[in-house]
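Trainee: Pick one part of this model and take me through it closely. Then set that part in its surroundings.

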Amino acid sequence: MNKALFLDRDGVINTRLVGRYVQTPDQFSLITDIVPLLRHAHARGYMLILITNQQGVGKGLMSLEDLDVVHEHMQQCLHQVGAPRIDAIYVCTDLDGQQSAHRKPAPGMLLDAMRDHGINPLESWFVGDSITDAQAGRAAGVKTALVGDFQPEAADLVQPSHAMLELVLQKLL
Ligand SMILES: [Mg+2]
C-alpha cells in the first residue's frame, strides 16, 4: 500500500487570504516554509496529495477552469524552488452548510484519495491550518498536524509557523 502526506492548501502551501479566494495566479503566494517538508516526505516515499475546500467555485466567484490555472501555477512555483510536484489534487466546491460528505470537516476527499491511490491511513499524515482539517483527518483515520497561529481574525494574512513544520518533519523521519 502507498502512504501519503495530505496537505491543505490555503495557509499551508500558499498564504491564506482571509475572507477572499485565490482566483488568479497573481493572488497565489507560495509559503516557502513548506518546501522542506514536501521534499522530505517525497524522498521517503510519501505521495503528496492536496485536499482543499474551494467554495469560491460553488459561489460562482470563479470557475473550475480558473482553479485549474491557479493549481498549474502552484506546480510551477513549486518547481521553481526545487520542490516536488503535488501528485494529486482533490477539490470540494460545495458550499458551507450543504451537508457535504466531501467538504472538510467531512472526510470524503481523503477517503476518495485513499481509495484511488491505495493509501494506508495508518502510515499517512494530514497537515492543515484549521480545526476542520484535523477533524477531517481524524475521521479518515490518518495522523494529523496543524500549523499556523490559529488567530485568523487577528490578521489579514495567516502563515504557518516554521517551528510547527519542523516538528512535523521530525515526526516523518
Ligand atoms: Mg487552510
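Mentor: Read from the N terminus, the protein chain runs β-β-α-β-α-α-β-α-β-α-β-β-α. That comes to six helices and seven strands. Helices here are DSSP runs of H or I with at least four residues, strands are E runs of at least two, and both are numbered from the N terminus. The model is predicted: local features need pLDDT of at least 70, side-chain atom pairs count only at pLDDT 80 or more, and totals for chains, interfaces and linings use all residues. Residues are numbered from 1 along each chain as its sequence is written.

My pick is helix α3, residues 64–80. Start with its length. At 1.5 Å a residue, its 17 residues should span 24 Å, and the end C-alpha atoms are 24 Å apart, so the two agree. The expected span is 1.5 Å times one less than the number of residues.

Now its sides. L67, V70, H71, M74 and L78 are the buried residues of α3. They sit on the same side of α3, because they cover an arc of only 95 degrees around the axis. The arc is that of the directions from the helix axis to the C-beta atoms. On the other side, E65, D68, E72, H79 and Q80 are exposed. The cut-offs count other C-beta atoms within 10 Å of a residue's own: 20 or more is buried, 12 or fewer is exposed, in between is partly exposed, with C-beta atoms placed from the backbone.

What covers the buried side? Cover for the buried residues of α3 includes α2 (55–58) and β4 (88–92). Contact means that C-beta atoms, placed from the backbone, lie within 7 Å. Just after α3, G82 takes a positive phi of about 75 degrees.

Set α4, residues 108–117, beside that. Its buried residues are M109, L110, A113 and M114. They line one face of α4, because they fall within an arc of 135 degrees seen down its axis. The face turned away from them carries the exposed residues R115 and D116. The cover over the buried residues of α4 includes β1 (3–7), β3 (46–53), β4, β5 and α5. So β4 turns up in the cover of α3 and in that of α4. Just after α4, G118 takes a positive phi of about 60 degrees.

Follow β5 and α5 next. Strand β5 (residues 125–128) runs parallel to β6 (residues 143–146), and four bridges join them. Pairing needs at least two DSSP bridges between two strands. G128 stands opposite L146 in β6. Between the strands the chain passes through α5 (residues 131–140), and this β-α-β crossover is right-handed. That is, with the strands pointing away from the viewer, the path from the first strand over the helix to the second runs clockwise.

One residue elsewhere: H42, in helix α1 (residues 35–43). It counts as partly exposed because it has 17 C-beta neighbours inside 10 Å. Leaving aside neighbours within four places in sequence, H42 is in contact with L48 and P84.

Last, the whole chain. Buried residues make up 39% of its 173 residues. Of the contacts between residues at least 6 apart in sequence, 66% join residues at least 24 apart. The radius of gyration is 15 Å, which agrees with the value near 16 Å for a compact globule of 173 residues. That radius is taken over C-alpha atoms, and the globule rule is 2.2 Å times the number of residues to the power 0.38. Along the principal axes, the C-alpha atoms fill a box of roughly 40 × 35 × 30 Å.

Definitions and conventions:
Two residues are in contact if their C-beta atoms, placed from the backbone, lie within 7 Å.
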